[in-house]
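Here are a few exercises to work through with the model open beside you. Try each one before reading its solution.

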Amino acid sequence: MTNYLAQFQAIKNASDRIVVAVEDVSELWPIVKEKFEEKLPFKKASLNNKTRNPVYIENLPAEFILTTDARLRSRVPQELSLFWFREPYATIILVSCEDLDEFKTILKPRLKLIVQNDEREWFIVFVSKALPDNDQATKLAKKVYSRLEVDFSTKKRERCCKFDLHGNDSSFWEDLESKIVESIRNTLDRRVQFYEEEVRKLTEQRFMPVWSFSNFFILKESLAFMFEMVHLYEDALREYDELELCYLETVNTSPIKQREFGGFDHGDDQAMLLKPDHKPLTQFIQNDSFREFEFRQYLFACQSKLLFKLSRPAEVSTRGYSFIINYSKLLASHENDLPFCLREIWVITACLAIIKYTTFHYDGGLVTAEVEKEFYRLQGDFFSLSRVKFMRLAYLIGHGAEIDKSPVNSAELSMLPWPRPAVWPLVPPDVSSEIFEKEKIMLQSNPTAEHFGIQRKALPLEPSSLLREANRRRASLSTPNLSDLSDGRQNLKDGSGVGGSSRFSPQNKERSSSMPRTYSSPMNIESSHVVLDRPMRLSEIQVASEHALKKTLSDPDLWTSLSSKQNFEKKYMELTKGAADNYHRSWWKRHAVALDGEIAAVYFRHGDFDLAANSYEKVCALYAGEGWHDLLADVLPYLAECQKILNDEAGYLSSCVRLLSMDDGLFLTKERQTFQSEVVRLAHSEMKNPVPLDVSSLITFSGTHGPPLELCDGDSGTLSVTVWSGFPDDIILESLNLTLTVTFTADEGINAIKCSNVTILKPGRNTIILDLPPQQPGSYVLGVLTGQIGHLRFRSHSFSKGGPPDSDDFMSYEKPVKPVLKVFKPRPLVDISAAVSSALLMNEVQWVGMVVKPINYSLRGSILHIDTGPELDIKNSQMIEIENSSVFVQDSPNLVDTEITRNDANLESCGNHKRLVLENGKIELPDWASNVTTIVWLPVCATDKKLSRGTSAACPQRQSVLDGMRIVALKLEFGASRNQKFERTVAVHFTDPFHISTRITDRGNDGALLLQVILHSQVKATLTIYDVWLDLQEGFEHIHKDSGRPSSSFFPLVISPSSRASILFSICLTNMVPGVVSDALQSDSILNIKYGISGERTTGAHEPVSESSDGSKVELHFKSAIFLQRPVLDPCLAVGFLPFPSDCLRVGQLVRMEWRVERLKETESLSSTGNDEVLYEVDASSENWMIAGRKRGHVSLCSKRGSRIVVTVTCIPLVSGYVHPPHLGLPDVGKANIRCNPPGPHLVCVLPPMLSSSYCVPI
Amino acid sequence: MIVCVAVIGQQNNPLFLQSFTQEDDDLKLHHIVHCSLDVIDERVNNPKRSGIAVNEAFLGLLYPTESYKVYGYLTNTKVKFILITADPEVRDADARNFFRKFHVAYVDAVSNPFHVPGKKITSTSFSRKLRSIVDNLGSITTV
């Protein structure tokens, strides 16, 4: 059956659409052909797929072929059911007849003959040539057609249709198309069934010896091709899939035939993945042997063709990638036999072809996002795969220097095995010049310039030493021992190769990249003649590979790409960019960005630093973002170099800082020092656009351990901050500022504090002291650290957790915000009050105590301003004392003892007591007093020029307390910088020692008066009275005309605090000459008291302060004015009101009013006048009273004492009610001399008059 | 031959990477591990398409290249384990088993009270334990 392959191929090539046969019985085809062919392809066709489900196909192409055509005639029907797919799917029998008889006699038998025993799907098209206006002809045609229908159509199936050549034909074409499609469908069903049956049969015979894959292949492919012709691509694809599966099973399970693999033809290196017709089938199918190399590609090509027709380019990619991977493995297993590097070249061409075709067919519409991503990812994979293989080829032929030894390339190349030809290609003769050229290139190629002096071992691009691999393969066939020996020597010498690298330490390995070059030194160049037993040099290997590759490689473009350095780089960039772009589109950002780095490396080499920097930035951002510091450390120096060259100072600085903040192990100290020196150099240079530099990763800071610094409102202080420097060396900071942020408040919460000095940060931990100005109350955390290195401002946001700068910053947890400073809300910090509340002595120098009480706050260095108010002076500013209040508290119970024992000397010595000097109204508190409550004693004297006045005991007039009040204004400046102020005005109460009150206790008949002077002690101190005397005012005198001193035996008289004592003076009145105005001095009596005081200043009044205290008692003198008043009442006459005779008074009733006047005393003045008559006068309201008799007159009254007379006046009350009664007055006698006894009533009740009955006549 | 194992944190940051090659070329392994995160991301985002069961930690073969294979494993806490092997044939069951042991070792390592979660694992005993697990797997696959 394999003989049919050529035919099969030819048939397949020839027929691309289904055939509809036309049996032209009545020679009509030339007339209708055009119209028929116009209707192609069929608009809509409903066909059944392999599973008998209807499928609608649009625009089904077909071809009308006359049965008499050579194409159909030449075929022998049924000869090869294999090729049945090309047979007509329907037969149209074209007839025309205008005569019934003719039909019956000639046409019908002929038609019967045509349709008889024929499995073809046929139907008859009756063409009516009758013109529309020719009724007869039309009728006739109708008759013939109806006859035709009767004869050929059955109930089940209409097999006739009528075509009016000149009539309306729209319905006909629809009818025709449906009939053709119906025929096609039936034929297709039958044929599918047939093929399936055949396939089934063959499958059953699968494991029999007679079974042949080629039969199966032709059957399957025929079926698939048939499906493809009728546009049932899904079914066709399934057939190819099954075919492939079956092939793989056959290949894998039947080891019977040692098949030829293939791949030796010219051009086989180029993948024919998408070109099914690339090679004729006969070329790789011979004698039932399918060359796997071609056949598998052929199957894939057929599948992908169908997939493209199904608009599924993404699936081509998916299938293509796994195909390439598997196929590559297949090629690897045959690598020994295949041409040198065929596998690599094939993979490159296959990938590029798939990329080209899928991109062409992919329009991106109507696919889900996932499919789109997958598609681009696969495109990226293709680019990436071809890139790797391309690099491998380039490396083999000596373009290794152009390949960046980056992690990407190393990962891809160093784990990819070398090509494994049976024998490594030999150096062709006459290539010494090429070898020389290669040597030269190798010697000239400079190792890539390392930036910042970073010395890194280059990553390997070779899986094992090429030198060893090539020589091993070359020699393995000839003199294995010798080559092994020389190889071994070589290995020992250069330490390269698989064995070598595994045995040797990294130090040895470091030389592996450079050693091949030293080995191929110019010394050996002369010996260009290669002998078999001499190991090849690297240059020779490269030249040999190049020549071998040239033989294998049939694609001129690819060869061009490999031929020169420039072309290599161009292609390399194209592939890398393609991969990167597609990975970007597929969201494989890591793959993409890593390739961006490769692109950047090329730009960098070419001096396109701008583009390089852009790409490097992306790479660095990715690595930094996810914390891949090892990878970042590889790329960042390049970025920095780009930025340096581009003069991007800000970028360069930030790169340097990032380099510095990398993990310790990634760079050597020397390298880190270089980074630092770069930063410092730039910082001190004149930058055009100075930008703040973020050094958060390098300089971190935290508060010191322990509780936060606590300050009171308004206080300044110093804050100690730990700063960690990640710089390898000391670094000088021109300034350093730190912001403090208030926690829990959003607004205006940031204050900057400053360390103005130049700071030198050591590597590692530093403690910085910052001055803290007064802050608002609140809790503060550290905010941002800013500062300056040279002209460069920097800032750091990161807190350290007590360790070195944290490089994994992106991972850091929520940082614990520990307050470093707490500023308390305003609160009383100190209190100043008067030490003693009781009164002090007026007009004497007294100690005033001011208790200064710090409230949990140090008063160190504080200053007290003292300002005394009016009428208060500080006496002797040298003598201000301060003492510890606790001493005062302890001492207070035994006041007397301390009073006795205390002296200045021992107070000085006890340390809690000190004398202070008042300067400009202020004193400075001693340091020991900063935390304890102290009392400041001020010697003051309150002056009161007024003389104190005694009061009458009968009507005591208390002195106003305010009179003794004096004011001391105090201002305390305290706090760290005396920023705190405390002001207080203290009232001090001063008073006289005594308050004097007097009263006359008794008076004698002789006019002597006993004057009692009561002394009230006003102070909380014991007063001792030594002497008292009274200077009397005019009008009074002491009885004995003496000085009025009380008996001296009473003195000294001790008066306890707040008690009273009294002294009696006997005085009498003196006659005063009326009208003589006495002196002011003599208007008051003056009481003089000589007294002493013994009191404690801590309780109240005390002995006056004197500088020279010799312990002797001081006598004090107190004066008080007492006003004595002469007696005012001297009654001579007494007027008494006699009671009314009747109980009630009535209006109009006569009333006798009687007053008794009695002489009480015989006055000299009265007697001297001799007048014994008394003038009287009755005073009454005329509205109320009518007085009968004399209202005024003289009555005679004997001048003797006790004589009396009664004055009677008759009155008539005029109004009723309570009225004032008439009053008897004595106009001649002064009021002071009249005594009313018994006194008259104030009001009397007057009743209304009695009712008169005479006017009351009863009715 | 197992080339490298790695632990990757939740934020895709490397927590631990140990290579088992004799050569000093960890950087390329860093690259491979880093790139494999693309595949893990994709698998995790499209579990249905990738055909992983929801509760399955083992992600299977992440991507095969001609020269090495990368396997992945995702813990419940989104910590990833990566295994790079140069063996042409590794059974899934072996890889799964390896990762299970790896996971246990990891849990032990991070249970150390001195380990800061999310920071690099510096434990030498973890490293030793891993080496023994790797050696075990190596002996299984070579047998």
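**Exercise 1.** Into which domains is chain A divided?

*Solution.* Keep in mind that we're working with a predicted model. Start at the N-terminal end: domain 1 covers 17–215 and domain 2 covers 624–689. The others are given in pieces: domain 3 is 692–803 + 818–823, and domain 4 is 830–887 + 912–988. Domain 5 takes 993–1070 + 1084–1103 + 1114–1122, and domain 6 takes 1133–1163 + 1171–1246. Now pick out domain 1 and domain 4 of chain A: their C-alpha centres are 136 Å apart.

**Exercise 2.** Work out how helices α13 and α23 of chain A are oriented relative to each other.

*Solution.* First find the two helices: α13 spans residues 369–396 and α23 spans residues 565–585 of chain A. Next, look at the geometry: they pack at about 155 degrees, with axes 7 Å apart. Angles over 145 degrees count as roughly antiparallel, so that is the label for α13(A) and α23(A). As for handedness, the crossing of α13(A) and α23(A) is left-handed. Finally, sort the contact residues of this helix pair: you get 10 nonpolar, 7 polar and 7 charged.

**Exercise 3.** Trace the open sheet of 5 strands in chain A, then say which strands stand at its edges.

*Solution.* Going across the sheet, the order is β23-β34-β33-β25-β29 in chain A, and the pairing is mixed. The edges belong to β23 (840–841) and β29 (922–924) of chain A; each has a single partner strand, so one of its sides has no neighbour in the sheet.

Now zoom in on β25 (residues 863–868) of chain A, which runs antiparallel to β29(A) and is joined to it by 3 bridges. Across that pairing, A:His865 sits opposite A:Lys922 of β29(A). β25(A) also pairs with β33 (residues 965–974) of chain A, again antiparallel, over 6 bridges. There, A:Thr868 has A:Val968 of β33(A) as its bridge partner.

**Exercise 4.** How many salt bridges does a search of the whole structure find? Take a look at the A:Glu315 and A:Arg319 pair as well.

*Solution.* The search turns up 55 over all chains. As a reminder, side chains of opposite charge can pair when their charged atoms come close. For A:Glu315 and A:Arg319, the N to O distance is 3.2 Å, and the cut-off is 4 Å. Both residues lie in helix α11 (residues 313–333) of chain A, 4 residues apart, or about one helical turn.

Notes:
Residues are numbered from 1 along each chain as its sequence is written. Chains are lettered from A and ligands numbered from 1 in the order in which they are written. This is a predicted model: local features need pLDDT of at least 70, side-chain atom pairs count only at pLDDT 80 or more; totals for chains, interfaces and linings use all residues. Side-chain values use heavy atoms; hydrogens and water are left out. Domain bounds come from an automatic or database domain assignment. Axes are lines fitted to C-alpha atoms, for helices over the stretch in contact, and angles run from 0 to 180 degrees between N-to-C directions. Angles under 35 degrees count as roughly parallel, over 145 as roughly antiparallel, 65 to 115 as roughly perpendicular and the rest as oblique. A crossing is left-handed if the near helix is turned anticlockwise from the far one by less than a right angle, and right-handed if clockwise. Ala, Val, Leu, Ile, Met, Phe, Trp, Tyr, Cys and Pro count as nonpolar, Asp, Glu, Lys and Arg as charged, and the others, Gly among them, as polar. Two strands pair if DSSP finds at least two bridges between them. A salt bridge is a side-chain nitrogen of Lys or Arg within 4 Å of a carboxyl oxygen of Asp or Glu.
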